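The following note is addressed to a colleague who wishes to examine the contacts and side-chain packing of this model. The points are numbered for ease of reply.

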Number of protein chains: 2
Amino acid sequence: MGIKERKAREKEQLRQQILSAARELFVNEGYENVSMRKIASKIEYSPTTIYLYFKDKADLLDFVCQETLLKLLNTLEQLKSEISDPVERLKKSGRAYIAFGLKYPQDYKLTFVVRPQFQEGLRLQEGSIGKKVFDYLHEIVSECVRQQIFRQVDIDTTGQVMWSAVHGVTLLLIDFPDFPWTERDKLMDAVIHTTIEGLKA
Amino acid sequence: MGIKERKAREKEQLRQQILSAARELFVNEGYENVSMRKIASKIEYSPTTIYLYFKDKADLLDFVCQETLLKLLNTLEQLKSEISDPVERLKKSGRAYIAFGLKYPQDYKLTFVVRPQFQEGLRLQEGSIGKKVFDYLHEIVSECVRQQIFRQVDIDTTGQVMWSAVHGVTLLLIDFPDFPWTERDKLMDAVIHTTIEGLKA
DNA sequence: TATTTAACTTAACATTGTTAAGTATAACAC
DNA sequence: GTGTTATACTTAACAATGTTAAGTTAAATA
C-alpha cells in the first residue's frame with residue numbers, strides 16, 4: 001500500500017509549497033496586497049487549487065502565522081537552556097522577542113495585530129502556540145518573583161506588564177520607522193531595563 | 001459676494017458629511033470591510049462624488065485618523081491644566097491615553113497601527129498632530145527629569161519607553177479581549193506604575 | 001439670452017475572493 | 001487489458017472592489 005502514502009506525501013508537499021509561497025508574498029508585500037492569483041502563479045498552479053488545501057485566504061494567513069509563532073517559540077526556548085539566572089534570562093528573552101519582531105515585522109504584525117481582527121474568538125486560547133509564547137514569559141517572571149527579586153505582586157499581572165512593554169516598543173519601531181527614535185539597541189535595552197527595575201522589590 | 005461663500009460652506013458641509021459617514025463605518029466595520037460604495041450610499045451620493053473631495057480611500061482614512069488624534073490631544077491637554085505635579089500628571093495622562101484607546105479601539109488601531117502601513121513616509125512628521133501627542137508625553141517626562149525625580153538618562157529615550165508601555169498594553173487589551181487579563185484598571189495601573197518606578201532615580 | 005463653470009452621475013475597467021462545473025489522469029475492480 | 005470510479009486539478013463565471021473617463025444637469029456669469 002505504498003501508493004496511498006506517496007500520494008499523501010505529494011499532497012503535503014504541495015500544501016507546504018502553497019504555504020511558503022504565501023508566506024513569502026505576505027511578508028514582502030503585505031497581506032492585503034497579495035491576491036490568491038499571485039500566490040497561485042508563484043507556484044504555477046491555478047488559483048482554485050489553493051482552495052483544495054485551505055478554506056480561504058484568512059485560513060492561509062492563519063497557518064502562516066502559526067509557523068511564525070513556532071519560530072519565535074523555538075528562538076525563546078533555546079535561550080531557556082542557555083541562561084540560568086532568571087533576570088538575565090528575562091532580559092535576553094525580551095531582547096530576543098523584540099529582535100524577532102523587527103526581523104520579521106510583517107509576520108509579527110500579522111500574528112499579533114492583524115490576525116486577531118480577522119479571526120475573532122479562538123486566539124491565544126489554551127494549547128495554542130501564542131499561549132505558549134506567553135507562558136514562556138510568564139514562567140521566567142514567576143521565577144523572578146519566587147526568588148524574591150521582583151516585588152511580590154500578582155504574578156499574572158507582572159507577566160502582562162512585561163509583555164506590554166516589549167510588544168509596545170516592537171510595534172512602534174515597526175510602524176514608525178522614520179520617527180527619530182533613540183538608537184534601536186539602546187531603546188530596546190531601556191524598555192527592558194526600566195520594566196525590570198520597576199518590577200524589582 | 002455671498003454666493004461664493006454659501007457654496008464654499010455647502011461644499012465643506014458635504015465634506016464633513018463624507019468624513020463622518022466614513023468614520024462611523026470604518027469604526028464599526030473595519031477599514032477593509034468598508035467600500036466606497038457603502039460610504040456613498042450612506043450619504044446618498046454616487047460613489048464617485050467622494051473622489052471630488054478626497055484623493056482616494058487611504059486619504060479618507062488619513063483624515064479620519066487626524067480627527068481621532070485631535071480628540072486624543074484635547075483629552076490630554078485638558079489634564080495638563082488640571083494637575084501640577086509632574087509624576088501625578090504622567091500617571092493620569094497614561095491612564096487617559098490607554099482609556100482613550102479602549103474607548104475608541106478601532107480609531108486607535110487605525111491611527112497608530114493600520115494607517116502607517118497605508119501611508120508610508122509622512123507619518124509623525126514635524127507639525128503633525130501625532131507628533132504633538134508624543135510631544136505632550138515628552139514634555140511631562142522632561143519635567144520629571146528636570147525635577148530629578150527620574151534618573152538622568154536621555155530624555156528622548158525616557159519618553160519613548162513610556163510610550164512603548166502604554167501603547168503596548170492598549171493594543172494587547174484591544175486585540176486579545178478574550179485573554180484572561182488581570183482586571184483592566186489594575187493592569188493599566190500596574191503598567192504605568194512599573195514604568196514610572198523603573199524610571200525613577 | 002448665451003456661455004462657461006461647478007457639482008454630480010453613469011458607465012466602464014481591471015482586479016479581487018470565491019464557487020460551480022468540467023476535464024484529464026491515475027487507481028482500482030474484474 | 002478494459003471499464004469504472006475517484007482524485008487532482010483547471011476553466012469559466014459571479015458579484016464586489018477601488019478608481020477613472022466621459023457625460024449631464026443646473027447654476028452663475030457675461
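1. Among the atoms of DNA strand D that lie within 4 Å of the protein, 53% are sugar or phosphate atoms and the remainder are base atoms. The model is a predicted one: local features need pLDDT of at least 70, side-chain atom pairs count only at pLDDT 80 or more, and totals for chains, interfaces and linings use all residues. Residues are numbered from 1 along each chain as its sequence is written, chains are lettered from A and ligands numbered from 1 in the order in which they are written, and side-chain values use heavy atoms, with hydrogens and water left out.

2. DNA strand D is surrounded by 20 residues, of which T49(A), Y53(A), M36(B), R37(B) and T48(B) are the closest; a residue is near a strand if one of its heavy atoms lies within 4 Å of it. By class, the surface near DNA strand D has 8 nonpolar, 5 polar and 7 charged residues. Here Ala, Val, Leu, Ile, Met, Phe, Trp, Tyr, Cys and Pro count as nonpolar, Asp, Glu, Lys and Arg as charged, and the others, Gly among them, as polar.

3. Polar contacts (pairs of N or O atoms within 3.5 Å; within protein, one must be able to donate a hydrogen and the other to accept it, and residues adjacent in sequence count only if both atoms are side-chain atoms) reach the phosphates of DNA strand D. A side-chain N or O atom of Y53(A) is 2.7 Å from a phosphate oxygen of this strand, and one of S35(B) is 3.4 Å from a phosphate oxygen. K57(B) uses a polar backbone atom, 3.0 Å from a phosphate oxygen of DNA strand D. Two or more residues of the surface near this strand come from each of α1 and α3 (47–50) of chain A and α1 and α2 (36–43) of chain B; α1(B) gives the most, with 3 residues. Helices (H or I, at least four residues) and strands (E, at least two) are DSSP runs, numbered from the N terminus.

4. DNA strand C likewise has 20 residues around it, the closest being M36(A), R37(A), T48(A), T49(B) and Y53(B). A phosphate oxygen of DNA strand C lies 2.6 Å from a side-chain N or O atom of Y53(B). Backbone atoms also take part: that of M36(A) is 2.8 Å from a phosphate oxygen of the strand, and that of V34(A) is 3.2 Å from one. The largest share of this surface, 3 residues, comes from α1(A).

5. How many aromatic pairs does the structure hold over all chains? There are 26, where rings of Phe, Tyr and Trp (its six-membered ring) pair if their centres lie within 6.5 Å, and planes under 30 degrees apart count as stacked, over 60 as edge-to-face and the rest as tilted. F112(B) and W163(B) form an edge-to-face pair, because their ring centres are 6.2 Å apart and their planes stand at 80°. Since F112(B) lies in α5 (residues 105–118) and W163(B) in α7 (residues 155–175) of chain B, the pair ties together parts 51 residues apart in sequence. F112(B) is buried at 3% relative accessibility, and W163(B) is buried at 2%; buried means under 20% relative accessible area, exposed over 50%, and partly exposed in between (1.4 Å probe, protein chains only).

6. Ring pairs also link residues of both chains into a cluster, including W163(A), F176(B) and W181(B).
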